[in-house]
Amino acid sequence: MADATPLRPLPAAEATWDRTADVVVAGYGIAGVCAAIEAARAGSRVLILERTSGWGGAAALAGGFIYLGGGTPLQKALGFEDSPENMEKFMLAALGPGADEDKIADYCRGSVEHYEWLVANGVPFKAEFWGEPGWEPPHDEGLMYSGGENAAPFNTVAEPAPRGHVPQMSNKRTGSKGGGYMLMKPLAETAEKLGVTAEYDVRIQRLIVDGDRVVGVVAKQYGKELDIRAEHGVVLATGSFAYHDRMIEGFAPRLIGRPGAAIEEHDGIAIRVAQALGADLAHMDATEVAFFGDPQMMARGILVNGRGQRYVPEDTYPGRIGQLTLFHQENQAYLIIGEAAYEQSLTTETSTPFFRQPPTWAAETIAELESDMGLPELALQSTVELYNKHAVDGKDPLLGKKQEWTKPLEGPFAAFDMRGFTAGFTLGGLRTDLDSRVLHVSGEPIPGLFAAGRCTSGVCAGGYASGTSLGDGSFYGRRAGIAAAKN
Ligand SMILES: Cc1cc2nc3c(=O)[nH]c(=O)nc-3n(C[C@H](O)[C@H](O)[C@H](O)COP(=O)(O)OP(=O)(O)OC[C@H]3O[C@@H](n4cnc5c(N)ncnc54)[C@H](O)[C@@H]3O)c2cc1C
């Protein structure tokens, strides 16, 4: 079905200019605000066009992890050693296959400066580390492992260092009131102080071109079409395509019917309007995948697939568990845990209490549990026998779960049905260079067009670590603002 709105660029000769700015930024989320700040500091008149009635986007709802490292002052204050080279090793191993090596090297080298920039622009980080398994720190702790850096197999590839930096915020509620708000708020205030203008309830629909060059956007506000001129450049920062059904079917079909950690405004518009100009794309099949499990419980049990076999070290980043489950186990997972371990997990703190549901099955023996779950005889029994044989010595030679979590399963037992417990957002998008210029399929930059955030392909090409979206969105948002202002 054709799109209801025309996506082809409008020739400048046909435009009737309603507004003018030097740099026009589409989208007032994390990439947009960072682009706006840097463009304004470089002396440009900046206009942000935002589809909703306020700033924030998905970023303001987010948990707030920003993936930073290489020896940030926060890492140092908490006693963690890291270097750009060590961070790069991890990111190349964990975020591929096919990760953009230049972008990752650039991102790691610039990470400490980026941390300092965020702090200088008012983003608060509390010097406290949260070391328990979890999706996010349950309180206002500022640092946590957020990508499986300290779990197999990555703990053998690079020296483990926590890089999930979380802006300080009290009374958080995961999924609705997270640290992302305390990232966006100071940045939006900074933008305002710098004289950035924002217009709300304005939805960009297509680009305006003068020959090959992008010189503005067509947008709609309250049913009225506006032609907005950008003297220096347009920055696209409207988020992912998680909510564009046809794009999901075409590019990332494993996410059909399961968008998550995104907002409905993420409809791929930036990608489509730039494609209409010949923009190149990258890693359109890459997706983040959340798994609706409580990490404190998972670390104390074993996760098995639809055939009763283990497939992931249960103490790793839960987003990795999600990806491995959805991509490689047909979205089939069960958590098996002993009663005492389950009860112990319930005494721990978690940011995701809503994932602590009662078990689906309970039984005195694994043989009974296996039968109740409808698994073939010995499928689960052999898995538990193998696991327990080595767990007695705190070892997991099959998958490398760490000693502190590797303990024999002891009955009575419980099993949780976690089939289909995944959702996610897209990571692929416009191919951009290190200055956030949108590249044409020829490899040349499209004059006047810049992009950042989840409408672009950033540091993640396949794997994911929490914080890389707010991380590369803010990092390359800044680059987009600087480059557009200079243009
Ligand atoms: C609950 C939750 C938790 C998350 N936790 C984390 C985390 O801890 N760390 C992390 O890195 N990521 C996290 N994410 C993901 C992260 O928030 C997003 O990937 C990130 O915000 C993308 O940045 P962006 O600038 O591309 O998009 P956004 O921040 O969403 O900004 C895009 C903006 O563009 C606007 N827009 C859309 N279409 C148009 C249009 N046509 N015209 C004008 N404006 C438009 C949108 O309304 C929005 O305001 C989380 C997301 C959610 C929802």
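Colleague: What makes a residue count as near the ligand in this predicted model?

Modeller: A residue is near the ligand if its C-beta atom, placed from the backbone, lies within 6 Å of it. In this predicted model, 42 residues surround the ligand, and the closest are Gly27, Gly29, Gly57, Ala62 and Gly453. Helix 1, strand 9 (202-210) and helix 14 are the elements that give two or more residues to this shell. Helix 14 gives the most, with five residues.

Colleague: How do you know which classes of residue make up the shell around the ligand?

Modeller: Gly counts as polar and Ala as nonpolar. With residues sorted in this way, the shell has 18 nonpolar, 19 polar and five charged residues.

Colleague: Why is helix 1 called mostly covered?

Modeller: A residue is buried if 20 or more other C-beta atoms lie within 10 Å of its own. Eleven of the twelve residues of helix 1 are buried, so the helix is mostly covered. Among the buried residues are Ile30, Val33, Cys34, Ile37 and Glu38. The cover over them includes strand 2 (17-26), strand 3 (46-49), helix 6 (181-193), strand 11 (224-236) and helix 14 (468-486).

Colleague: How do you know that the span of helix 1 is close to the expected one?

Modeller: The expected span is 1.5 Å times one less than the number of residues. For the twelve residues of helix 1 (residues 30-41), 16 Å is expected, and the helix reaches 17 Å from its first C-alpha to its last. After the helix comes Gly43, whose phi is positive, near 100°.

Colleague: What makes Val234 stand out in the largest nonpolar core?

Modeller: Of the 150 residues in this core, Val24, Ala26, Val33, Ala36, Val234, Val235 and Ala451 touch the most other members. Helix 1 gives the most to the core, with nine residues. For contact, C-beta atoms must lie within 7 Å. Leaving aside residues up to four places away in sequence, Val234 touches Val24, Ala26, Leu207, Val214, Gly216, Val217, Gly448, Leu449 and Phe450.

Colleague: Why is this core said to lie between domain 1 and domain 2?

Modeller: Domain 1 (1-288 + 424-487) and domain 2 (292-423) both give residues to the core, so it lies between them.

Colleague: How do you know that domain 1 and domain 2 are in contact?

Modeller: Their C-alpha centres lie 35 Å apart. Contact is judged by residue pairs whose C-beta atoms lie within 7 Å. By that criterion, 24 residues of domain 1 are in contact with 25 residues of domain 2. The side of domain 1 that touches domain 2 has ten nonpolar, nine polar and five charged residues.

How values were computed. Residues are numbered from 1 along each chain as its sequence is written. This is a predicted model: local features need pLDDT of at least 70, side-chain atom pairs count only at pLDDT 80 or more; totals for chains, interfaces and linings use all residues. Helices (H or I, at least four residues) and strands (E, at least two) are DSSP runs, numbered from the N terminus. Two residues are in contact if their C-beta atoms, placed from the backbone, lie within 7 Å. A nonpolar core is a set of buried Ala, Val, Leu, Ile, Met, Phe, Trp, Tyr and Cys residues joined through C-beta atoms within 7 Å. Domain bounds come from an automatic or database domain assignment.
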